[in-house]
Amino acid sequence: MVPVRLTGPRLAVREYHHTEEDVDALHALFGDPEVTRHLPFGPSDREDCADQIELYLEEAMAEERDTYRLAVTRLADAEEPADATPIGQASLTLDGHRGAQLGCVLARGCWGRGYAGETVGLLCDFAFGALGLHRLTALVAVDNAASVKVLTGLGFRLEGGLRPGVVEDGARAESFRYALLAHQWPGAGTRVPAAG
């Protein structure tokens, strides 16, 4: 495995570590009902979060990696981003056709600071640069105006709505799908962020 390490002006995106700190940080994120309100699953307990990090590390070790679930940290929180406590999660799931679905979730205390836009921008640089992808998509709950604003601000375009699906707690949620092509991303093919 070549560890992914992406660095922006204020944030870094890195692989998870199977440490108490990273498990606690993921639980603080996915254990918060307000954070998971727009996700396809309800709040998770700490044991589930520990299991998730184990899964993330297994996915990272795959011979042909197709899933990237990464920790988002603030550069100001530690001298070395690998030592910083995660404040969110960034993800890319490759589809096998030079495309991927991306996702970004941040802790509630980090909302409204522009961190989501910076994180999604780092994912776009990585996807269109180092991974050589052609298309990115993102699914957004119809009532998640903040995520829509982040995506459209970065050039993603609405492709359409998805019929309601059943989520874990039995509630039905409708989503919009947004997409961005490599040629629509400024500097695609010319910037290759640090990855490794």
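## Exposure and a charged patch

A residue counts as buried under 20% relative accessible area, as exposed over 50%, and as partly exposed in between. This report applies these terms to a predicted model. E58 has a relative accessible area of 53%, and it therefore counts as exposed. This residue is found in helix α2, which covers residues 46-60.

E58 also belongs to a negative surface patch. The other residues that form this patch are D45, E47, D48, D51 and E54.

## Aromatic pairs

The structure contains 3 aromatic pairs. One of them joins F30 and F41 in an edge-to-face arrangement, with 5.2 Å from centre to centre and 85 degrees between the planes. The pair links distant parts of the chain: F30 lies in helix α1 (residues 20-30), whereas F41 lies in the loop between α1 and α2, 11 residues apart. F30 is buried, because its relative accessible area is 6%. F41, with a value of 27%, is partly exposed.

Y68 and F126 form another aromatic pair; their ring centres are 5.4 Å apart and their planes stand at 80 degrees, so this pair is edge-to-face as well. Since Y68 belongs to strand β3 (residues 67-74) and F126 to helix α3 (residues 115-128), the pair ties together parts that are 58 residues apart in sequence. Y68 and F126 are both buried.

## Salt bridges

Side chains of opposite charge can pair when their charged atoms come close. In the whole structure, 12 salt bridges are found. One of them connects R69 with E59, and the closest N and O atoms of this pair are 2.3 Å apart. R69 lies in strand β3 and E59 in helix α2, so the salt bridge ties together parts that are 10 residues apart in sequence. How exposed is R69? Its relative accessibility is 22%, so R69 counts as partly exposed. Its partner E59 is buried, because the relative accessible area of E59 is 16%.

A further salt bridge is formed by D22 and R14, whose closest N and O atoms are 3.0 Å apart. Both D22 and R14 are buried. The side chains of D77 and R74 also meet in a salt bridge, with a distance of 3.0 Å from N to O. D77 is partly exposed, because its relative accessible area is 40%. Finally, salt bridges link E20, D24 and R46 in a network.

How values were computed:
Residues are numbered from 1 along each chain as its sequence is written. This is a predicted model: local features need pLDDT of at least 70, side-chain atom pairs count only at pLDDT 80 or more; totals for chains, interfaces and linings use all residues. Side-chain values use heavy atoms; hydrogens and water are left out. Patches are made of residues with over 30% relative accessible area and no salt bridge: like charges are joined within 9 Å, nonpolar side chains (Val, Leu, Ile, Met, Phe, Trp, Tyr) within 5 Å. Accessible areas come from the Shrake-Rupley method with a 1.4 Å probe; for residues, only the protein chains shown count as cover. A salt bridge is a side-chain nitrogen of Lys or Arg within 4 Å of a carboxyl oxygen of Asp or Glu. Lys and Arg count as positive and Asp and Glu as negative; His and the chain ends are not counted. The place of a charge is taken as NZ of Lys, CZ of Arg, CG of Asp or CD of Glu. Helices (H or I, at least four residues) and strands (E, at least two) are DSSP runs, numbered from the N terminus. Buried means under 20% relative accessible area, exposed over 50%, partly exposed in between (1.4 Å probe, protein chains only). Rings of Phe, Tyr and Trp (its six-membered ring) pair if their centres lie within 6.5 Å; planes under 30 degrees apart count as stacked, over 60 as edge-to-face and the rest as tilted.
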